[in-house]
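Please look over the protein shown here. The report below covers model confidence, charged pairs and aromatic rings.

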Amino acid sequence: MKARPFAPILAVLALVLAASPVSAANINVESLELLSHGSFDEATGRFTVSSRVYFDMSFEGGDKFAGLLRMDFLSGDIQKALELAGSDATNPAEVQDKINNLTSMGFKTAAVTAKRLFGTELEATYFVGYLDAFCSGNDFMGLFGAAPFGTSLAGPMAYPAGVGGNAKLYYEGLDAVYGTGLKLGLAGSKKAVYAYAYQDADLGSGLWTGTVRGLLDTGPLKLEGYVGASTGGAFGLYKAGLLFDFAPGSVGEFFAQVGIPRWDISQALGVDNFYFLFEPRVNFGTGSLALTVFYHPAWYRQNATSEENALDFALNLKFGDLSTSGSQGGLKSLLAFRPLESDPLALDISPYYSAIASGLEWDFKLDLRVFPSPSVWYGMFRPYVGVSTSF
């Protein structure tokens, strides 16, 4: 996600609180994730610890007219940010490094929603900033009360380096609404339909996007799809996507995300335009096995990813269930194929344990870099400790 200025926050907060009495406003921590991992630095010959923080908070309230303000904070290396915070930058490289590691929150979303228009269930939302992610699966929880079912290969913690070298941009669904515009929607107990029209901040000023989106939850089957078009290119830019999750019984489940994040129709449509993620899951006794294949797209959120032909093959053998027993453990492995990098293949095997305590999810993992082998034997060990909010 791109950096946002802090200046508008106070004005937007006043707008949100004006939409409802202060006593009715809610402050929610939507997401809080903190992880630290150790690794061997080949350049210095030292074993170092890096930490990453992601924080997402919202202010919301109101009944007929609802206001929403979100702020977030994402630091790719909080340890470096702390070291730079009290230091003086003496050259352009240090100035840029300090700016990139500022430890402050940023504006994410401001929105005001008018509900039950014309005596119907129609809602209209005027928004500025980041509003919704498409085909992530997260909206099914708030709209239909579904249990979490999305893939773990998503978000800033799964890909700490971000997308295309941009640590502020990370995979979360197939696409997202980011800009200034209007959202119209109808939501029921099992289905919802939305239409968006907005100036697209991912494309730039004066460029607009229109998107139609639908969601359906029948219990065993969950579907979400969208189609959209944007100004730009010779004949416009187009996108479409589908989320599919089918769990017919207690034994098996199949999750998939397939889409075209961006297509300039003046150019030929190729496999690099696609986003593919397939994840079959099998449950047995107290455990489960999930196999994930993720083909990275050449474009994501209108940005070039530099990840053409990149593939991830992941395995997660799990025993226990956080949602029922409060703990789980197992073994993860990830085979990453990056044809554009100097080391095109990397294999990690990771035993892990997770538990819920005091409303927080604690994760402990030991990454073992099997290939390529580091220069010293203890460089293969990459311990990991993470904590996140649990809902």
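What follows starts with confidence and then turns to side chains.

This is a predicted model, where local features need pLDDT of at least 70, side-chain atom pairs count only at pLDDT 80 or more, and totals for chains, interfaces and linings use all residues. Residues are numbered from 1 along each chain as its sequence is written, and side-chain values use heavy atoms, with hydrogens and water left out.

**Confidence.** pLDDT is the predictor's confidence in each residue, from 0 to 100. Its mean for the protein is 83, and 83% of residues reach 70 or more. Strand E8 (residues 208-217) has the highest mean, 98, and helix H1 (residues 9-18) the lowest, 48. Helices (H or I, at least four residues) and strands (E, at least two) are DSSP runs, numbered from the N terminus. Residues 1-23 have pLDDT below 50. Where pLDDT is low, the predicted coordinates should not be read in detail.

**Salt bridges.** The whole structure holds 13 salt bridges. Each is a side-chain nitrogen of Lys or Arg within 4 Å of a carboxyl oxygen of Asp or Glu. Three of them are listed here.

| Acid | Base | N to O distance |
|---|---|---|
| Asp 132 | Arg 213 | 3.9 Å |
| Asp 175 | Lys 239 | 3.0 Å |
| Asp 217 | Lys 222 | 3.8 Å |

Asp 132 lies in strand E5 and Arg 213 in strand E8, so this pair ties together parts 81 residues apart in sequence. Asp 132 and Arg 213 are both buried (under 20% relative accessible area; exposed is over 50%, partly exposed in between, with a 1.4 Å probe and protein chains only). Asp 175 and Lys 239 are buried too. Asp 217 is buried at 9%, and Lys 222 at 10%. A salt-bridge network links Asp 132, Asp 139, Lys 183, Arg 213 and Glu 224.

**Aromatic rings.** There are 19 aromatic pairs. Rings of Phe, Tyr and Trp (its six-membered ring) pair if their centres lie within 6.5 Å; planes under 30 degrees apart count as stacked, over 60 as edge-to-face and the rest as tilted. Phe 284 and Phe 319 have ring centres 6.2 Å apart and planes at 80°, so they are edge-to-face. Phe 284 is partly exposed at 36%, and Phe 319 is partly exposed at 43%. One cluster is formed by Phe 244, Phe 246, Phe 254, Phe 274, Phe 276, Phe 278 and Tyr 295.

Methods. Contact means heavy atoms within 4.5 Å.
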